[in-house]
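Work through the exercises below with the structure in view. Try each task before reading its solution.

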Amino acid sequence: MGSGPLIEIKDLYFGYNHGLLVLKGLNFTLRRGDKIGLTGANGSGKTTLFHLIMGLLKPTSGEINILGRQRKEEKDFFEIRQKIGLLFQDSDDQLFYPTVEEDIAFGPLNLGKSHEEAKIIVRDVCARLGLTGLEKKITYRLSGGEKRLAALATVAAMSPECLLLDEPTLGLDESTTYRLLSYLQSQTKSYIIITHDREFLKSAVDKIYLISDGKITLKESL
């Protein structure tokens, strides 16, 4: 895959059906090893940008290059959804199965792993995220913090090259936030975090970018 950028976005425009442009000529590059925070007012386009990167939305114009290739059509994003992990803002959008272990195993099984291999992945991911003992628990009975970590576990189980985390600390208490931070610092190399949690960003990222008026600019390096 070479040493080029993981994600490179050029002159990206996007607007919803009501016609107002959310992104207006946005340019952005994420390189391997980058740990980036993304801030901006509500409605500024942060989540929209994540969904465009994952192919869940289609840009009005501009280029989305990921892993060295331009991505345009739905088929172009099949690989991306295996290599880049998106944590949705709402954990309920990520958890579909009755139990935690079934949710975590879904991705690896979908990639062709055997049931035995998937069991090992579930065990390892739960250990890394502090979910050991909750594998058999009914998902809807989890606490808010446990749901957040379970949703992240479904992403981590795919061993992605990059994470896109949308408000990962939302609803987390201090100890669960620390568990999340420890995982990011020890287990991941490249990620973008959308959050209003300034203290978390100080510990988790190297640079903070701001989306405003449809464009993205470097706010500060930490």
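**Exercise 1. Classify Phe 106 by accessibility, then place it in its surroundings.**

Step 1. Phe 106 has 41% relative accessibility, so it counts as partly exposed. The classes are buried (under 20% relative accessible area), exposed (over 50%) and partly exposed in between, with a 1.4 Å probe and protein chains only.

Step 2. Phe 106 lies in helix 3, residues 100-110. Helices (H or I, at least four residues) and strands (E, at least two) are DSSP runs, numbered from the N terminus.

Step 3. Phe 106 joins Phe 96 and Tyr 97 in a nonpolar surface patch, with about 350 Å² of accessible area together. Patches take residues with over 30% relative accessible area and no salt bridge; like charges are joined within 9 Å, nonpolar side chains (Val, Leu, Ile, Met, Phe, Trp, Tyr) within 5 Å. Areas come from the Shrake-Rupley method with a 1.4 Å probe; for residues, only the protein chains shown count as cover.

A note on the model: it is predicted, local features need pLDDT of at least 70, side-chain atom pairs count only at pLDDT 80 or more, and totals for chains, interfaces and linings use all residues. Residues are numbered from 1 along each chain as its sequence is written, and side-chain values use heavy atoms, leaving out hydrogens and water.

**Exercise 2. Trace the open sheet and find its edges.**

Step 1. The strand order is 6-7-8-3-9-10, with mixed pairing. Two strands pair if DSSP finds at least two bridges between them.

Step 2. Strand 6 (84-87) and strand 10 (215-221) have a single partner strand each, so one side of each lacks a neighbour in the sheet. From one strand to the next, the twist averages 20 degrees.

Step 3. Strand 3 (residues 35-39) and strand 8 (residues 191-194) run parallel, joined by four bridges. Lys 35 has Tyr 191 as its bridge partner in strand 8.

Step 4. Now add the helices. Helix 1 (residues 46-53) lies across strands 3, 6, 7, 8 and 9, at about 145 degrees to strand 7. Helix 5 (residues 144-156) packs on the sheet and touches strand 6 and strand 7; it makes about 165 degrees with strand 6. Contact means heavy atoms within 4.5 Å. Axes are lines fitted to C-alpha atoms, for helices over the stretch in contact; angles run from 0 to 180 degrees between N-to-C directions.

**Exercise 3. Which residues does Asn 27 contact, leaving aside its neighbours within four places in sequence?**

Step 1. Find Asn 27 in strand 2, residues 21-30. At 46% relative accessibility, Asn 27 is partly exposed.

Step 2. Beyond those neighbours, Asn 27 is in contact with Ile 9, Lys 10, Asp 11 and Ile 216.

**Exercise 4. Examine the salt bridges.**

Step 1. The whole structure holds 15 salt bridges. Each has a side-chain nitrogen of Lys or Arg within 4 Å of a carboxyl oxygen of Asp or Glu.

Step 2. Glu 101 pairs with Lys 136 at 2.8 Å, N to O. Glu 101 sits in helix 3 and Lys 136 in the loop between helix 4 (115-129) and helix 5, so the pair ties together parts 35 residues apart in sequence. Glu 101 is partly exposed at 24%; Lys 136 is exposed at 63%.

Step 3. Lys 119 meets Glu 116 at 3.7 Å, N to O. Both lie in helix 4, three residues apart, about one turn of the helix.
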